[in-house]
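Let's take a walk through this model, starting where the two chains meet. Have the viewer open as you read.

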Amino acid sequence: MSSPEEKSMSIIVTKGSLDWAYPPFILATTAAAMGLPVTMFFTFYGLPLLLKKLDLQVTAAGNTAMKMPMMGMHMGLPNLLTAVPGVDAACSVMMKNLIKKKGVASIEDLREMAIEAEVRMIACQMTMDLFEYSTDDMIDGLDVGGAATYIECASQSDINLFI
Amino acid sequence: MADHTLDAKGMNCPLPILKARKALKEVPAGGTLEILATDPGSVADFQAFCRQTGNELVEHSVDDKIYRFLIKHTAA
């Protein structure tokens, strides 16, 4: 793992929507760039972030206070409307446009940079069984493990985050 | 004059840091990397980056909303 004076970090990644995919990948790539060995443990809805082909969406109903900049204001959506079909797709298009316009990296790019920076990625075996995913559907170079694999890593890390 | 220049204008967090890290690897020990950025958050972030990695932030300045950083490659 890491030498005694070297700090290290682990992140449990539990959410797989477009917006929630950002914090773990931003922190993992930045920590790696600052010299920290990083491990990401992908479990439950975070697991599909390891699929070869990503199709990430914003889930408006899951972010009840979500507001987007629009026409010089910040516009929210009545929470009842977040259940209407097509609303998530429309919010996702708006979000992706904003991401591009503001020079924010795509999740695909950040994931690629995390791999380049040798961030260790562990796919949760139980979640793979539960939701019927196979490593064939996922990017190369993953470790597969369970809670004990993560706990061993966390016990040796200085920073442990749950996102 | 810096040995290398990285144009990170228009990029948002954490891209300027990630690109700088990559660019720094190409700079020989003792050499300097100049970074140009428009992200106001990069001012605090490059200071933290240098403190954490042991590279020296020789100077930083802002001119017409362009932030300029000069980092000396002093860390291993």
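## Where the chains touch

Two residues count as being in contact here if their C-beta atoms, placed from the backbone, lie within 7 Å. On that basis, the contact draws 11 residues from chain A and 11 residues from chain B. Bear in mind that this is a predicted model.

On the chain A side, H1(A) supplies the largest share, with 4 residues. Sort the chain A residues that touch chain B by class and you get 6 nonpolar, 4 polar and 1 charged.

## Two helices across the interface

Any pair of packed helices can be described by the angle between their axes and the distance between the axes. So how do the axes of helix H1 of chain A and helix H1 of chain B cross? H1(A) covers residues 22–33 and H1(B) covers residues 15–25; their axes come within 9 Å and cross at roughly 30°. Since angles under 35 degrees count as roughly parallel, H1(A) and H1(B) are therefore roughly parallel to each other. Their crossing is left-handed.

Which residues do the touching? From H1(A) they are Thr29(A), Thr30(A) and Ala33(A), and from H1(B) they are Ile17(B), Leu18(B) and Arg21(B). By class, this helix-to-helix contact has 3 nonpolar, 2 polar and 1 charged residues.

## H1(B), from its buried residues

Now look at H1(B) by burial. Its buried residues are Leu15(B), Pro16(B), Ile17(B), Leu18(B), Ala20(B), Arg21(B) and Leu24(B). Ile17(B), Leu18(B) and Arg21(B) are on that list, and they're also the H1(B) residues that make the contact with H1(A).

What do the buried residues of H1(B) pack against? Within chain B, their partners are strand S1 (4–8), strand S2 (32–37), helix H2 (42–53) and strand S4 (66–72). From chain A, H1 joins in along with helix H3 (107–116).

## Chain B as a whole

Step back to the full chain: chain B has 2 helices and 4 strands. Reading from the N terminus, its elements go β-α-β-α-β-β. The radius of gyration is 11 Å, close to the 11 Å that the globule rule gives for 76 residues, so chain B is as compact as a globular protein of that length.

Along the principal axes, the C-alpha atoms of chain B fill a box of roughly 30 × 25 × 20 Å. Of its 76 residues, 34% count as buried. As for contacts in chain B with a separation of 6 or more, 55% of them involve residues 24 or more positions apart.

Terms used:
Residues numbered from 1 in each chain as written. Chains lettered and ligands numbered in written order. Predicted model: local features only at pLDDT ≥ 70, side-chain atom pairs only at ≥ 80, totals over all residues. Axes fitted to C-alpha atoms, helices over the stretch in contact; angles between N-to-C directions. Parallel < 35°, antiparallel > 145°, perpendicular 65-115°, else oblique. Left-handed = near helix turned anticlockwise from the far one by under 90°. Nonpolar A, V, L, I, M, F, W, Y, C, P; charged D, E, K, R; others polar. Rg over C-alpha atoms; globule rule 2.2 N^0.38 Å. Buried ≥ 20, exposed ≤ 12 C-beta atoms within 10 Å, placed from the backbone.
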